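Here is a brief report on helix packing, loop geometry and a surface patch. Start with the loops, then follow the helices.

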Amino acid sequence: MFGFQRSKDSVFYQTLVEASGNIVEAMQLFRQNVETLEHKEEYAEKLKDLENKGDDYTHILIRELNQTFVTPLDREDILQLAVKLDDVLDGVEACASRFVYCHVEKTTPYLMQFAEILEKLAEHLQEAFIALEKKDYASIQNRAVEINMLENQADRLMRESVGSLFENPTDPIELIKMKELYEKLEAVTDTAEDLADVLESVVLKYA
């Protein structure tokens with residue numbers, strides 16, 4: 001019986017690790033995309049595929065919650081982690097789609113900086129989920145601190161990037177779509193921080 005439960009525990013932990021790895025891949029593609037935006041349609045399709053894959057991980061976790069009597073973490077925590085992982089991926093996929101249907105034709109230094117922050121956030125999140133399986137709670141707290149610092153950077157970047165749009169505005173349509181994009185990208189970093197907060201709450205319960 002113990003061995004069976006251990007196997008069930010592994011399903012939860014491994015699915016969370018794989019879901020976070022899927023986000024790392026998505027953020028890497030997003031960064032590559034904003035380097036030039038020359039192939040934004042292709043990148044949007046690739047990110048949509050990863051978003052669909054992320055949905056599959058969410059479904060696996062929910063199915064396992066429904067089928068497992070004793071879970072390695074509180075059910076509410078596992079569900080929150082699954083939902084927040086999905087929200088992060090949905091957010092970056094939505095930004096990649098906006099490049100296409102809003103006809104964003106050229107990148108900006110601000111887009112590149114957001115993409116670099118998102119990639120780092122994803123890497124810290126994956127490391128935190130790997131640490132969760134190992135019950136390395138100190139590492140989770142360290143990753144949460146790094147994520148918080150990156151979110152603060154993104155917040156400053158959003159204010160700077162949006163402010164720059166109003167310095168010498170010439171095209172109101174361009175201003176509106178870029179403002180929305182910068183704010184959407186900052187919102188993705190907020191969601192990543194929310195996810196880190198859930199991980200920290202798990203640490204408080206089990207450390």
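L37 lies in the loop between helix 1 (2–36) and helix 2. This is a predicted model. L37 is not a glycine, yet its phi is positive, at about 60°. Most residues other than glycine have a negative phi. Is L37 buried or exposed? L37 has a relative accessible area of 1%. The cut-off for buried is under 20%, so L37 counts as buried.

H103 sits in the loop between helix 3 and helix 4. H103 also has a positive phi, near 55°, and is a residue other than glycine.

Now the helix pairs. Helix 2 covers residues 40–67, helix 3 residues 75–101, and helix 4 residues 109–133.

| Helix pair | Axis distance | Angle |
|---|---|---|
| Helix 2 and helix 3 | 9 Å apart | about 165° |
| Helix 3 and helix 4 | within 13 Å | roughly 160° |

Angles over 145 degrees count as roughly antiparallel. Helix 2 is therefore roughly antiparallel to helix 3. Helix 3 and helix 4 are likewise roughly antiparallel to each other. Handedness completes the description. Helix 2 passes helix 3 in a left-handed crossing. The crossing of helix 3 past helix 4 is left-handed too.

Helix 3 also leads to the surface. L79 is found in this helix. Its relative accessibility is 38%, so L79 counts as partly exposed. Which residues form a nonpolar patch with L79? I62 and V83 join L79 there, on the surface. Together, the three have about 210 Å² of accessible area.

Notes: Residues are numbered from 1 along each chain as its sequence is written. This is a predicted model: local features need pLDDT of at least 70, side-chain atom pairs count only at pLDDT 80 or more; totals for chains, interfaces and linings use all residues. Side-chain values use heavy atoms; hydrogens and water are left out. Patches are made of residues with over 30% relative accessible area and no salt bridge: like charges are joined within 9 Å, nonpolar side chains (Val, Leu, Ile, Met, Phe, Trp, Tyr) within 5 Å. Accessible areas come from the Shrake-Rupley method with a 1.4 Å probe; for residues, only the protein chains shown count as cover. A salt bridge is a side-chain nitrogen of Lys or Arg within 4 Å of a carboxyl oxygen of Asp or Glu. Helices (H or I, at least four residues) and strands (E, at least two) are DSSP runs, numbered from the N terminus. Buried means under 20% relative accessible area, exposed over 50%, partly exposed in between (1.4 Å probe, protein chains only). Axes are lines fitted to C-alpha atoms, for helices over the stretch in contact, and angles run from 0 to 180 degrees between N-to-C directions. Angles under 35 degrees count as roughly parallel, over 145 as roughly antiparallel, 65 to 115 as roughly perpendicular and the rest as oblique. A crossing is left-handed if the near helix is turned anticlockwise from the far one by less than a right angle, and right-handed if clockwise.
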